[in-house]
Amino acid sequence: MKLYELAPTPSARRVSIFLAEKGIDIPRVSVDIRGGENLNPEFKAKSVNGRIPLLELDDGNHICESVAICRYLDELYPSDTSLFGNTPLERAKVEMWQRIIELQGFTAGFQAFRNLTGIYKDRENCVEAWGAESRQRVIDFLPTLDQQLAKSSYVASDNFTIADISAYVFISFIKNLGILVDDTLPHIQAWFATVAQRPAIVSLTPKN
């Protein structure tokens with residue numbers, strides 16, 4: 001297997017943290033998405049969505065979308081506890097919060113970043129007003145996450161799951177939008193500080 005990625009991107013970070021939590025080591029191939037390497041015919045023949053991360057299997061199959069990659073690896077390398085939940089209820093709550101974070105967090109955050117910065121204006125239409133609206137949607141979502149973390153040690157349950165990985169990467173990303181998690185969001189602050197100290201995340205944090 002090999003994993004095509006650009007390590008600093010949020011989607012690639014999710015997979016990297018998941019792999020570190022599971023103790024899985026997979027060869028990596030860096031893809032220059034700023035330069036459009038993901039848009040060339042060779043890469044698009046492997047990736048349905050033309051994006052990273054992309055997992056290439058030894059039998060020639062390919063899996064794109066970060067959570068789909070994590071699901072595959074979770075099944076391929078089973079352990080006593082699953083980052084996707086251990087009971088029917090926990091698995092459902094993990095899936096629920098994954099969707100909430102994806103739709104109300106990541107999607108809005110990515111739309112804000114791409115439209116406000118124009119980072120990919122060479123390949124897509126950028127609408128500044130939509131970027132501003134999307135940024136506000138991120139801000140409006142944060143109290144929902146804070147309220148959930150007031151009731152639970154982690155996002156979906158009292159166990160650390162992929163929902164926490166997604167939320168951690170999302171909260172780390174929004175600083176690029178000038179959005180700070182301040183004292184009005186104390187439960188996110190406390191949770192973030194706890195998650196940041198997990199060995200898997202510490203191992204991936206660049207040393208100054």
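Here is a chat between two people about this predicted model.

Colleague: Let's start with Leu-89. Where is Leu-89 found?

Modeller: Leu-89 is in helix H4, which covers residues 88–117.

Colleague: And why is Leu-89 called exposed?

Modeller: Its relative accessible area is 56%, and exposed means over 50%, so Leu-89 counts as exposed.

Colleague: Now the cysteines. How many disulfides does a search of the whole structure find?

Modeller: Zero.

Colleague: How do you know that Cys-64 and Cys-70 aren't bonded to each other?

Modeller: The closest cysteine sulfur to that of Cys-64 belongs to Cys-70, and the gap is 13 Å. A disulfide needs the two sulfur atoms within 2.5 Å, so this pair is too far apart for a bond. Looking from the other side, Cys-70 is in no disulfide either, with the sulfur of Cys-64 as its nearest.

Colleague: What makes Cys-64 buried?

Modeller: Buried means under 20% relative accessible area. Cys-64 has 16%, so the word applies. Cys-70 has 1%, and therefore is buried as well.

Colleague: On to helix packing. What do you look at there?

Modeller: Two packed helices are described by the angle between their axes and the distance between the axes. For H4 and helix H6 (residues 162–173), the angle is about 20° and the axes are 9 Å apart.

Colleague: Why is H4 called roughly parallel to H6?

Modeller: Angles under 35 degrees count as roughly parallel, and about 20° fits that, so H4 is roughly parallel to H6. H4 passes H6 in a left-handed crossing.

Colleague: Which residues meet in the contact of H4 with H6?

Modeller: From H4, they include Trp-97, Ile-101, Phe-106 and Phe-113, and from H6, Ile-162, Val-169 and Phe-170 are among them. The residues of this contact divide into twelve nonpolar, four polar and no charged.

Colleague: What about H5 and H7, at what angle do they pack?

Modeller: Helix H5 (residues 128–151) and helix H7 (residues 186–196) pack at about 70°, with axes 7 Å apart.

Colleague: What makes H5 roughly perpendicular to H7?

Modeller: The range for roughly perpendicular is 65 to 115 degrees. About 70° falls in that range, so H5 is roughly perpendicular to H7. The crossing of H5 past H7 is left-handed.

Colleague: Which residues of H5 and H7 meet?

Modeller: Leu-142, Leu-145, Asp-146, Leu-149 and Ala-150 in H5 touch Pro-186, His-187, Ile-188 and Trp-191 in H7.

Colleague: How do the residues of that contact divide?

Modeller: There are seven nonpolar, one polar and one charged. Asp counts as charged, so Asp-146 in H5 is the charged one.

Terms used: Residues are numbered from 1 along each chain as its sequence is written. This is a predicted model: local features need pLDDT of at least 70, side-chain atom pairs count only at pLDDT 80 or more; totals for chains, interfaces and linings use all residues. Side-chain values use heavy atoms; hydrogens and water are left out. Helices (H or I, at least four residues) and strands (E, at least two) are DSSP runs, numbered from the N terminus. Buried means under 20% relative accessible area, exposed over 50%, partly exposed in between (1.4 Å probe, protein chains only). Axes are lines fitted to C-alpha atoms, for helices over the stretch in contact, and angles run from 0 to 180 degrees between N-to-C directions. Angles under 35 degrees count as roughly parallel, over 145 as roughly antiparallel, 65 to 115 as roughly perpendicular and the rest as oblique. A crossing is left-handed if the near helix is turned anticlockwise from the far one by less than a right angle, and right-handed if clockwise. Contact means heavy atoms within 4.5 Å.
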